[in-house]
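Work through the exercises below with the model open. Try each task before you read its solution.

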Amino acid sequence: MTRRVARLVEEGLVRRADADTDGRGVVVALTDAGVARVVETAPVHTRGISKLFVAPLDDQELVLLERALSEVIIDCSVG
């Protein structure tokens with residue numbers, strides 16, 4: 001992961017900062033160029049996810065998936 005982040009920093013897509021709450025941690029944030037890249041690539045990525053992971057499911061499976069994912073909580077408050 002360190003090498004991947006270093007490459008993204010070199011490309012100007014992300015920036016690193018020390019985590020305020022944990023001296024061992026690093027927070028990685030998108031730069032304006034990184035946001036632009038996400039906006040550019042998100043439609044293709046989303047179509048791929050839909051094709052590979054959503055389209056094969058029937059209505060009953062989609063209901064189960066939605067129920068399962070509603071139980072997942074993502075905490076983005078790091079840093």
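Helices (H or I, at least four residues) and strands (E, at least two) are DSSP runs, numbered from the N terminus. The model is predicted: local features need pLDDT of at least 70, side-chain atom pairs count only at pLDDT 80 or more, and totals for chains, interfaces and linings use all residues. Residues are numbered from 1 along each chain as its sequence is written, and side-chain values use heavy atoms, without hydrogens and water.

**Exercise 1.** Place Thr31 in the chain, and decide whether Thr31 is buried or exposed.

Solution. Step one: list the elements. The chain has three helices and two strands. From the N terminus they run α-β-β-α-α. Step two: find the residue. Thr31 sits in the loop between β2 (26-30) and α2. Step three: apply the cut-offs. Buried means under 20% relative accessible area, exposed over 50%, and partly exposed in between (1.4 Å probe, protein chains only). Thr31 has 18% relative accessibility, so Thr31 counts as buried. Step four: look for partners. Contact means heavy atoms within 4.5 Å. Neighbours within four places in sequence aside, Thr31 touches Gly12, Leu13, Val14 and Arg15.

**Exercise 2.** Compare the span of α2 with its expected value, then find its bend.

Solution. Step one: take the residues. Helix α2 covers residues 32-54, which is 23 residues. Step two: get the expected span, which is 1.5 Å times one less than the number of residues. For α2 that is 33 Å; the helix reaches 31 Å from its first C-alpha to its last, close to expectation. Step three: check the axis. A bend is the angle between axes fitted to the seven residues ending at a residue and the seven starting there. At Thr41, α2 bends by about 45 degrees. Pro43 follows within four residues.

**Exercise 3.** Find the salt bridge of Glu11.

Solution. Step one: recall the principle. Side chains of opposite charge can pair when their charged atoms come close. Step two: set the rule. A side-chain nitrogen of Lys or Arg must lie within 4 Å of a carboxyl oxygen of Asp or Glu. Step three: count. This rule gives one salt bridge. Glu11 pairs with Arg7, and their closest N and O atoms are 3.6 Å apart. Step four: check exposure. Glu11 is partly exposed, because its relative accessible area is 41%. Arg7 is partly exposed too, at 42%.

**Exercise 4.** State how much of the chain is buried.

Solution. Of the 79 residues, 9% count as buried.
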